[in-house]
Amino acid sequence: MLMLFGVGILLLPLPIPFDKPHSTILYDRHGRLLGAALAADDQWRFPPADSIPEKFTTALLLYEDEYFYYHPGINPFSLWRAWRQNKRVGKIVSGGSTLSMQTVRMALGNQPRTYRQKVYEMLLTLKLEWLYSKEEILKFYSENAPFGGNIVGLEAASWRYFGIAPGQLSWGEAAALAVLPNQPAGIYPGHQMAAFKRKRDRLLHKIHDHGYLSDSDLELALAEPLPQQLLEFPTLAYHLLHRSMQEGHSGKRVYSTLDASLQQQVKQLTGHHSSIWAANQVHNAAAIVIEAKTGHILAYVGNTFNPGPHGQHVDIITAPRSPGSLLKPLLYAAALDEGLITPRQLLPDIPLFYRGFVPQNFDKKYRGAVAADHALASSLNVPFVHLLIDYGYEKFHHQLKQMGLSSLSEPAGHYGLALILGGMETSLDQLTALYAGTLRAYQRFGQRPLHQGYSRGDYFANSYLRDDKQETDTSLQERGYLRASSIGYMLQAMQQLNRPATEAGWQQFAGSKKIAWKTGTSYGLRDAWAIGLSDDYVVGVWLGNADGEGRPGLTGATAAAPLLFRIFDVLPGQAHFDQPFGTAVAICRQSGMRAGPNCPDVINETLAVHLEGTPQCRYHKLIHLNKEATYQVNSSCYDVSEIKTSAWFVLPPVMAWYYRKYHLEYQDPPPFAPGCRADEARQHIALIYPRQFTRVYIPVEQDGTPGQVVFEAAHTNPDAVIYWHLDNQYIGQTSGRHQMAIRAGKGLHRLTLLDKQGHELTRTFRVVSE
């Protein structure tokens, strides 16, 4: 019979372990709490812990069930005392429940108290005691006991009442929490505080009587204040907490790689900087800090977390945005890696019209020719579009995807040349991870002798999860493609802090720390970016509006860079990216290419081994002059014995036309002597309309603004391209039929037409009104 009774009990359904949703809890790398989110049922209920603190266990057992370890789940003496008490008052006021019985009652959902329900709970309690140890039952109770309101379990209560983890509770705090589950609806902070204190103090005296507290410790514990109100959970990483929930970690303890102290500093810096820009109606900011060596994310501020209607809840770190110029350093490194250029080689900075794409520099000026590293440091657009044409946007698109830029979801043709100027979308975490990967590749493989072969990068995704396994050197080499030397040249160029005068003001924030950095500004002044690298850290910063609204002055240098520098001020160390690569090679000072036999000004620079085979200088040419060096001559028109030979720096005509404006030392070769070149007297460009070109009438529109007049030119070469300039400002180019609509105000103007061969036509005209 007894066996049948036991089998019957075992067949009863026991809803333990508890099937309840849990809160999502985010910790930093040292186990410090960063934030928490409500469980699906809107309760604060932490996931199961490994153990229950000894102080709370002692206090709880002395208050609720002093003989917990001695009874089989049911205490007959407690039941007898409860029966007598209920009979005396004529209703159920005490259940005589042990902790095990209370655990079963909580698991059943706290059903109405009846004698029949009590018997059922007692049977389930026997099953609970047979299946689980006393320590496990104590954990079930502590993790699911009600502590008032929507606070369930010891850990949630410890944080909401005292702002600390359970293991840090004092005796006074542990006793206060131990008495709450007995009457959670009637006694809680701010309500019936006198009764709350009497219960706690009575328990503290009992703890003292059992030898756990000395007289002095009891006095201190009794003097401890009770909590007067609930405390909020930390909100140091709100956006990362919710990102982890979306990525499958909801209801779990998430142990991140963040550092709570650094997270607090970066959050404060970002919030303060954002509050300044709010005056310009720029409401959102984000920042991320990555440890270069490990790829671990140390700080993650997804947005400024101020309540308001401006999208502060949006995690900007993962949001797709236009990156502006932030891909230029990677193209520079890729072109070096392929041997397409040398670090200081001149790139063309001249007007470009390519399949309907007309790029411009930020200041809308052209410099003719610019050293590649200077073009990167100055973030010039046009030279990098020319470089992308030479390199191939299809190839660059493929390599970016190989490096981990998964946001490139469309084929290369969808982006075209606009890819290098922000004509695509990516996110702050992907871009920062990309630069962190290049830095890791440089540091891992840059110490090896570079002549030994191809060093490849490790562009694995950076992680915020503490226990993520990183990849091995072998797997990293298979995924990367850039040589450490190419990355090194890129980092060195990024250390040249230089921005146009239109973006002045960032210098006052730069501080004394040496870092490599790059800014980006999207079209329409919608996104301001800055990414910086030191030996140990990579920092990414974004400012703008989550809804995409652009604002005047919202550029990477003026809005994002100051915050970048402030974050680096709280980080140790700086950048040391000056390691030489390869061996000394003769370099032409003017062109930046390997010196050729005609280069008169040569310097020795360390050049990576794979760049030693790059082409020699193409701009220094030998020209033949008369003995006075005033004309170019040849054997058909001048005595060979008197011809002088001279090396001359000669840029292509269009490049030279713009270059000489910024380089007064540049001199065109002397003209050919009369009769030495037949086509010198030939006019290649002619103006068709208007022919009478001293006075031009341009009508005024109805709104009072100047109208337009269509000018037309002709060229002897039907395939020629003509570059049009008004008052030395480039206004467009034409091919085939050379017509250009020109809008000019009243007064004197200068029109200049130029072709690729350097042929030039200049006319001065005056706009008159009726």
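What follows is a chat about two sheets and several helices in a predicted model.

Trainee: What kind of model is this?
Mentor: The model is predicted.

Trainee: OK, the five-stranded sheet. What order do the strands take?
Mentor: The order is 18-24-23-20-21, in an open sheet with mixed pairing.

Trainee: Which ones are the edge strands?
Mentor: Strand 18, residues 695–697, and strand 21, residues 729–735. Each of these pairs on one side only.

Trainee: And what does the twist average from one strand to the next?
Mentor: The average is 30°.

Trainee: Let's look at strand 20. How many of its residues are buried?
Mentor: Six of its six residues, and strand 20 is described as mostly covered.

Trainee: Which side chains point which way there?
Mentor: Val721, Tyr723 and His725 point one way, while Ile722, Trp724 and Leu726 point the other way. All of them are buried.

Trainee: Why would they split like that?
Mentor: Because side chains in a regular strand alternate between the two faces of the sheet.

Trainee: How many bridges join strand 20 to strand 21?
Mentor: Six, with the two strands running antiparallel. Histidine 725 is opposite tyrosine 730 of strand 21.

Trainee: What sits between those two strands?
Mentor: Two residues, as strand 20 and strand 21 form a hairpin. Aspartate 727 is in the turn and has a positive phi of about 55°.

Trainee: How about strand 20 and strand 23, how many bridges?
Mentor: Five, and that pair is antiparallel too. Tryptophan 724 has leucine 753 in strand 23 as its bridge partner.

Trainee: Then strand 23 to strand 24?
Mentor: Eight bridges join strand 23, residues 747–755, to strand 24, residues 760–768, and they run antiparallel. Leucine 748 is opposite arginine 766 in strand 24.

Trainee: Which strands does helix 23 lie across?
Mentor: Helix 23, residues 653–662, lies across strand 20, strand 21, strand 23 and strand 24. Its direction is at about 145° to strand 23.

Trainee: Changing topic. How many residues does helix 9 have?
Mentor: Helix 9 has 17 residues, 193–209. From first C-alpha to last it reaches 24 Å, close to the 24 Å expected at 1.5 Å a residue.

Trainee: Which of its residues are buried?
Mentor: Among them are Met193, Phe196, Leu203, Leu204 and Ile207. The buried residues also include the charged-name entries Lys199, Arg200 and Asp201.

Trainee: What do they pack against?
Mentor: Helix 2 (54–64), helix 8 (171–179) and helix 10 (215–223).

Trainee: And what follows helix 9?
Mentor: Glycine 211, with a positive phi near 90°.

Trainee: Helix 2 and helix 8, how do they sit relative to each other?
Mentor: Their axes come within 8 Å and cross at roughly 45°. The two helices are therefore oblique to each other. Helix 2 passes helix 8 in a right-handed crossing.

Trainee: Which residues meet there?
Mentor: From helix 2, the list includes Phe56, Leu60 and Tyr63; from helix 8, it includes Trp171, Leu177 and Val179.

Trainee: Last one, the sheet of three strands. What's the order?
Mentor: The order is 2-1-5, again an open sheet with mixed pairing. Strand 2 (33–37) and strand 5 (253–255) are the edge strands. The twist averages 15° from one strand to the next.

Trainee: How many bridges between strand 1 and strand 2?
Mentor: Four, in the antiparallel sense, with strand 1 covering residues 24–27. Leucine 26 is opposite glycine 35 in strand 2.

How values were computed
Residues numbered from 1 in each chain as written. Predicted model: local features only at pLDDT ≥ 70, side-chain atom pairs only at ≥ 80, totals over all residues. Heavy atoms only, no water. Pairing = 2+ DSSP bridges. Axes fitted to C-alpha atoms, helices over the stretch in contact; angles between N-to-C directions. Contact = heavy atoms within 4.5 Å. Expected span 1.5 Å × (residues − 1). Buried < 20%, exposed > 50% of the residue type's maximum accessible area, 1.4 Å probe, protein only. Parallel < 35°, antiparallel > 145°, perpendicular 65-115°, else oblique. Left-handed = near helix turned anticlockwise from the far one by under 90°.
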